[in-house]
Amino acid sequence: HLNSHNQHRSIFTMIEKELVEQLKSGNETAFRQLVETYQAMVVNTAMGMLHNQTDAEDVAQDVFIQVYH
């Protein structure tokens, strides 16, 4: 299982790096993919800290705006 996990992680890292490169070149589709991939995780992380859904969603939006710029 560890080998499989490492392989999946490696593939994920390559995809992530490719998305970041696409973002740097201004590819809006790459940004949408990034948001779709990470939105739930970012909101859940913020929710764990803030204990308020609206605030957590606001923080997540701010995170993605910073990533985009």
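Visitor: Why does Glu21 count as partly exposed?
Guide: Glu21 has a relative accessibility of 45%. Buried means under 20% relative accessible area, exposed means over 50%, and partly exposed is what lies in between, with a 1.4 Å probe and protein chains only as cover. The 45% of Glu21 falls between those limits, so partly exposed is the right label.

Visitor: Before we go on, what kind of model is this?
Guide: It is a predicted model, in which local features need pLDDT of at least 70 and side-chain atom pairs count only at pLDDT 80 or more, while totals for chains, interfaces and linings use all residues. Residues are numbered from 1 along each chain as its sequence is written, and side-chain values use heavy atoms, with hydrogens and water left out.

Visitor: How confident is the prediction along the protein chain?
Guide: The average pLDDT (the predictor's confidence in each residue, from 0 to 100) is 80, and 84% of the residues score at least 70. H2 has the highest mean, 87, and H1 the lowest, 70. Where pLDDT is low, the coordinates should not be read in detail.

Visitor: What makes the pattern of this chain α-α-α?
Guide: The secondary structure consists of three helices and zero strands. Helices (H or I, at least four residues) and strands (E, at least two) are DSSP runs, numbered from the N terminus.

Visitor: Back to Glu21, then. How do you know that Glu21 forms a salt bridge with Lys24?
Guide: Their closest N and O atoms are 3.7 Å apart. A salt bridge asks for a side-chain nitrogen of Lys or Arg within 4 Å of a carboxyl oxygen of Asp or Glu, so the pair of Glu21 and Lys24 qualifies. Both residues lie in helix H1, three residues apart, about one turn of the helix. The count by this rule is one salt bridge. In general, side chains of opposite charge can pair when their charged atoms come close.

Visitor: And why is Lys24 called exposed?
Guide: Lys24 has a relative accessible area of 64%, so it passes the limit for exposed. His51 is exposed too, also with 64%. His51 sits in the loop between H2 and H3, and it has a positive phi of about 55° although it is not a glycine.

Visitor: What makes the largest nonpolar core a core?
Guide: Such a core is a set of buried Ala, Val, Leu, Ile, Met, Phe, Trp, Tyr and Cys residues joined through side-chain atoms within 4.5 Å. Here the set has 13 residues, and Leu23, Phe31, Leu34, Tyr38, Val42 and Phe64 have the most contacts inside it. Helix H1 (2-24), H2 and H3 each supply at least two residues of this core, and H2 gives the most, eight.

Visitor: What does Leu34 contact, leaving aside neighbours within four places in sequence?
Guide: Leu34 is in contact (heavy atoms within 4.5 Å) with Leu19, Leu23, Phe64 and Val67.

Visitor: Which residues form the nonpolar patch on the surface?
Guide: They are Met49, Leu50, Val59, Val63 and Val67, with about 410 Å² of accessible area together. Areas come from the Shrake-Rupley method with a 1.4 Å probe, and for residues only the protein chains shown count as cover. Patches are made of residues with over 30% relative accessible area and no salt bridge; like charges are joined within 9 Å, and nonpolar side chains (Val, Leu, Ile, Met, Phe, Trp, Tyr) within 5 Å. Helix H2 (28-50) and helix H3 (53-68) each supply at least two of the patch residues, with the largest share, three residues, coming from H3.

Visitor: Why does Leu50 count as partly exposed?
Guide: Leu50, found in helix H2, has a relative accessibility of 38%, so it lies between the limits for buried and exposed.
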